[in-house]
Amino acid sequence: MILVLSGTSDGRKIIELLASTGYSVIVSTATEYGKMLAEIDKNITEIISGRLEKPDMEKIIREKDIQYIVDATHPYADKVSKNAIAASKSMGIQYLRFEREEHIYDGAHYFPDYSSAVLYLKETQGNVLLTIGSNNLHIFTSSLDIDRLYTRVLPTYAVVKKCEELGLLPRQIIAVQGPFTKELNKAIYKNYNIKHMVTKDSGDAGGTKEKIEGAMETGVNVILIQRPNIDYPNICNSIEEVIDSIKKNYKNYN
C-alpha cells in the first residue's frame, strides 16, 4: 500500500497515475477541500482528511500496512514533510519527495521568512498584495497598517471568514482560485493600485512565474519568501521521475 500526502495539483496527477497503473493508494489531505478534489478519482482505496502529526502517520502506516510514502505536499508545508520523513524512518519504510523545481527571479527581494518580510515592508509605502494563502496572514495584519493590505485567497467560507476575523474588509479580500495568467495578474495589480506583492515560490504549477513576471512588468515590487530548507532523503523533480522510481523500488500492487 502506498500513502500519498497530497495538497497540490501535482499530487493529484501522481495519485491518478499510480491508481490507474494498479497500485493501491491511500491519500492524505490536510483539508476537506483537498479531500473533495481527491474524491474525483474513484480508484483511490481511501482518503484521510486532516493534519497529521508524526504519531498519526505512524499509526496509519501500521494499521494500513503502508510500505511507501510519496510526499507531494506544497513546497511550504514543511511540518508535514518533516513528520513524514521522521515517521517513515521510525517505521522502516521508503519515503519519496516530489518537489517542484525552484527558479531564481532577478529583481525580486528574497526573505527567509514572513517576519523579515514584514520588517522590510514597514519601511515602505503603498498597497501590499499578499498571495501567500491564509495561514500566515496574521503576521502581516498584526504588524502593518491594515489599510495597506489586500489578500488573494481561495474562495471558501472558512478562508474568507478567517480574513474577516483578522480585520480585512470585503474590498481587501480577493477570493478567487488560481493559477492566473500574467495578464490577469497585471489587471489585479493595476485595479488595486498594488505597489508590493508578497508571494512564495510555489513552482510553475502554482502560477508563480506568471505572478512575478506580471508584477515586474507593471512596476510592482516582488517580495519572495524562500522555501523551507529541508534535507529530503529521496527527491524527484518531475512526476515522471516519481512514477519511475516507484516502479523500480516498489513492486507490490496489492
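Asp-65 is found in the loop between α3 and β4, where helices (H or I, at least four residues) and strands (E, at least two) are DSSP runs numbered from the N terminus. The phi angle of Asp-65 is near 55°, a positive value in a residue other than glycine. The model you are looking at is predicted, so to read it fairly, local features need pLDDT of at least 70 and side-chain atom pairs count only at pLDDT 80 or more, while totals for chains, interfaces and linings use all residues. Residues are numbered from 1 along each chain as its sequence is written, and side-chain values use heavy atoms, with hydrogens and water left out.

**Loops and a salt bridge**

- Lys-64 also sits in the loop between α3 (54–63) and β4, and its partner Glu-46 lies in strand β3, 18 residues apart.
- These two residues form a salt bridge, with their closest N and O atoms 3.1 Å apart; the term stands for a side-chain nitrogen of Lys or Arg within 4 Å of a carboxyl oxygen of Asp or Glu.
- Side chains of opposite charge can pair when their charged atoms come close.
- The structure holds 12 salt bridges.
- For another loop, look between β9 (173–175) and α8 (182–191), where you will find Pro-179.
- The peptide bond from Gly-178 to Pro-179 is cis, with omega near 0°.

**The sheet with β1**

- Six strands make an open sheet in the order β3-β2-β1-β4-β5-β12, with parallel pairing; two strands pair if DSSP finds at least two bridges between them.
- At its edges are β3 (46–49) and β12 (235–236), each of which pairs on one side only.
- Strands β1 (residues 2–5) and β4 (residues 68–71) are parallel and share 4 bridges.
- Ile-2 has Tyr-68 in β4 as its bridge partner.
- Helix α1 (residues 9–21) packs on this sheet, touching β1, β2 (25–29), β4 and β5 (94–98); contact means heavy atoms within 4.5 Å.
- The direction of α1 makes about 165° with that of β2; axes are lines fitted to C-alpha atoms, for helices over the stretch in contact, and angles run from 0 to 180 degrees between N-to-C directions.
- Helix α10 (residues 239–249) lies across β1, β4, β5 and β12, at about 165° to β5.

**The sheet with β6**

- Another open sheet of 6 strands follows the order β6-β11-β10-β7-β8-β9, again with parallel pairing.
- Both β6 (109–111) and β9 stand at the edges with a single partner strand, so one side of each has no neighbour in the sheet.
- On average, neighbouring strands here are turned by 20° against each other, direction ignored.
- Strands β10 (residues 194–200) and β11 (residues 221–225) run parallel and are joined by 5 bridges.
- Val-198 stands opposite Ile-223 in β11.
- Helix α5 (residues 114–121) touches β6, β7 (127–131), β10 and β11, and its direction makes about 155° with that of β11.

**Two domains**

- The domain assignment gives domain 1 (2–101 + 229–249) and domain 2 (109–225); such bounds come from an automatic or database assignment.
- The centres of domain 1 and domain 2, taken over C-alpha atoms, are 28 Å apart.
- Domain 1 brings 9 residues to the contact and domain 2 brings 11 residues.
- Between domain 1 and domain 2 there are 0 salt bridges.
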